[in-house]
Each structure stands twice: as C-alpha cells, then as structure tokens.
Amino acid sequence: MSKILSVYTNKITKKFGSFTAVDNVDLEVYQGEIFGFLGANGAGKSTMIRMLCGLLTPSAGEAKVGGYDVYKESELIKKSIGYMSQKFSLYNDLTVAENIDFYGGVYSLNKRNIQEKKGEIAVELDLDRQMNRLTKDIPVGLKQKLALACAMLHDPGIIFLDEPTSGVDPKVRKDFWNIIYQLSEQGKTVFVTTHFMDEAEYCHRLSIMHQGKIIALDSPQNLKKKNEENSINDVFIKLIRSQIDADYQ
C-alpha cells in the first residue's frame, strides 16, 4: 500500500528582509507519522510550522498541507489542521468550559458536538471538577492538555505541536506522548518540535535544522547508526558542531 502524503514542501523559503529564516527546505511527511523537528532557538522551526499552518506566506518554493496549497488555500489549511502554539494559546480569563465552547465555535461545531466533546475532554483529561474554574487557576500540565484538546476539537487529520511539553513536569510529558502515540495509531499525522532530545527518540522520523536548513533527516535509529552515537542528543551536538566548524572555515 502506498503512503499518503500529509505534508509536502519543495525548496520552501522564508525571508524577513535580508535575513533568511527558512532556506530551501524539502519535506515529505506521511499520514500516521510522528515527525520530529529539532533545532536550536532561531534555527527556523517555528517559522516553518507557521508557514505550513497557513499563518505565514512563504517567500519562495512550494508547499501543500493535507493537499491544500499554502499560497492559495491557507484558510482551508487553517480549518483542516490542529495547531498548538509554543506559547499557551487559551484564554486565562475564561473557564475551562468556556474555552472549549469558544474553540468549538471557531471550528464551526454545533452545540451538540461541543457538548459531546466537552464530556469527552472532562473524562479523558480528568477535568470533571475543573470545568467551572478559570483557566488561569488550573495547573500548567492541565492547561497544556486542555490546549491540545481544544486544537483537536474538530478531529483534524494533521496536528502541529510547537514545543508542547515546555514547562511541564516529566509525568505530564509522558502523558502527552501517550496521547501523541494514540493520535498516530488513529492515522493522524503529528508534526512536533521539541527541545527535549529524549522525546525526539519517540518520533518515527525526525529532522535537524540549523540556520534555516535541514542538515539531517531520518529515523532516530538510523541517525544514531550513521553518526555512530548512542543518543539523539549526541547526534544533535555532533552535527551542529560540524556545521558551526564548517561555517567558520
């Protein structure tokens, strides 16, 4: 059976004045795949995600997400994907229930669908007794889980997670990855950026980005084998150091 392409880019580029944030990047990400996107701060990861989510227009190149063109069909992309931004994206001055109602409306769900989703979220995230609390008053880990649940309200086939586990404890990180695996098993494509190298080991494939370019792309196992290292953290350090050395030659 042939693989179904969820995300495709061909030499996609984004410039801000004279600065090139993303530089001629080629990608193919498939249905059901957990694809990791690694890189230091400023490497271009978040810019790349924002382009794929229809939030930024590329300066050059081609890109399709879920079959939609990022130039001509950005609004359709926004409606068909789930997106959890790096910074907390819910409204702290609304209750948990009100946030779910709000995002359900954004995704054009009817009242019955929203009520059903609210019940599911309450059970799955153990939020039964939190529904009427202001979102600012619930623990950070629950906030992050709630943000992911709101991004998934409309049952998208492709989910973009930008640093979803930043600032949460190890247990919540583990819970998050259990959810990510469940989404993948349901055939959903999960595109995730992370600074935690141990999390990168959980991805089916991952890329490493440096100064707007992808310098490595393969499964964690193959990257470790090719670079003769025992961990993705060691692979990352080795490849970045090699690039920095090359830049100064």
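H8 passes H9 in a left-handed crossing, meaning the near helix is turned anticlockwise from the far one by less than a right angle (clockwise would make it right-handed). This is a predicted model, where local features need pLDDT of at least 70, side-chain atom pairs count only at pLDDT 80 or more, and totals for chains, interfaces and linings use all residues. Residues are numbered from 1 along each chain as its sequence is written, and side-chain values use heavy atoms, with hydrogens and water left out. Helices (H or I, at least four residues) and strands (E, at least two) are DSSP runs, numbered from the N terminus.

**H8 against H9**

- The axes of H8 and H9 come within 9 Å and cross at roughly 55°; axes here are lines fitted to C-alpha atoms, for helices over the stretch in contact, with angles running from 0 to 180 degrees between N-to-C directions.
- That makes H8 oblique to H9, given that angles under 35 degrees count as roughly parallel, over 145 as roughly antiparallel, 65 to 115 as roughly perpendicular and the rest as oblique.
- On the H8 side, Pro220, Leu223, Lys224 and Asn227 meet Ile232, Val235, Lys238 and Leu239 of H9, where contact means heavy atoms within 4.5 Å.
- Sorted by class, the contact of H8 with H9 has five nonpolar, one polar and two charged residues (nonpolar: Ala, Val, Leu, Ile, Met, Phe, Trp, Tyr, Cys and Pro; charged: Asp, Glu, Lys and Arg; polar: the others, Gly among them).

**The two sides of H8**

- Helix H8 runs over residues 220-227, and its buried residues are Pro220, Leu223, Lys224 and Asn227 (buried is under 20% relative accessible area, exposed over 50%, partly exposed in between, with a 1.4 Å probe and protein chains only).
- Those buried residues cover an arc of only 95° around the axis, which puts them on the same side of H8; the arc is that of the directions from the helix axis to the C-beta atoms.
- As a reminder, an α-helix has 3.6 residues a turn, so residues three or four places apart point the same way.
- Flip to the other side of H8 and you find Gln221, Lys225 and Lys226 exposed.
- The buried set packs against helix H7 (197-200), strand S9 (205-210), strand S10 (213-218) and helix H9 (232-247).
- Just after H8, look for Glu228, which takes a positive phi of about 55°.

**H5 against H6**

- Helix H5 (residues 140-151) packs on helix H6 (residues 170-185) at an angle of about 15°, with the axes 10 Å apart.
- That makes H5 roughly parallel to H6, and H5 passes H6 in a right-handed crossing.
- Gly141, Gln144, Lys145 and Leu148 from H5 meet Val172, Asp175, Phe176 and Ile179 from H6.
- The residues of this H5 and H6 contact divide into four nonpolar, two polar and two charged.

**Single residues to look up**

- Leu27 lies in strand S2 (residues 19-30) and is buried, with a relative accessible area of 2%.
- Leu27 has plenty to touch: leaving out residues up to four places away in sequence, its contacts are Val7, Tyr8, Thr9, Phe35, Phe37, Met48, Phe191, Ile214 and Leu217.
- Thr95 is in the loop between strand S6 (81-84) and helix H3 (96-106), and is buried at a relative accessible area of 12%.
- With residues up to four places away in sequence not counted, Thr95 touches Met131, Asn132, Arg133, Leu134 and Thr135.
- Gln182, found in helix H6, counts as partly exposed at 44% relative accessibility.
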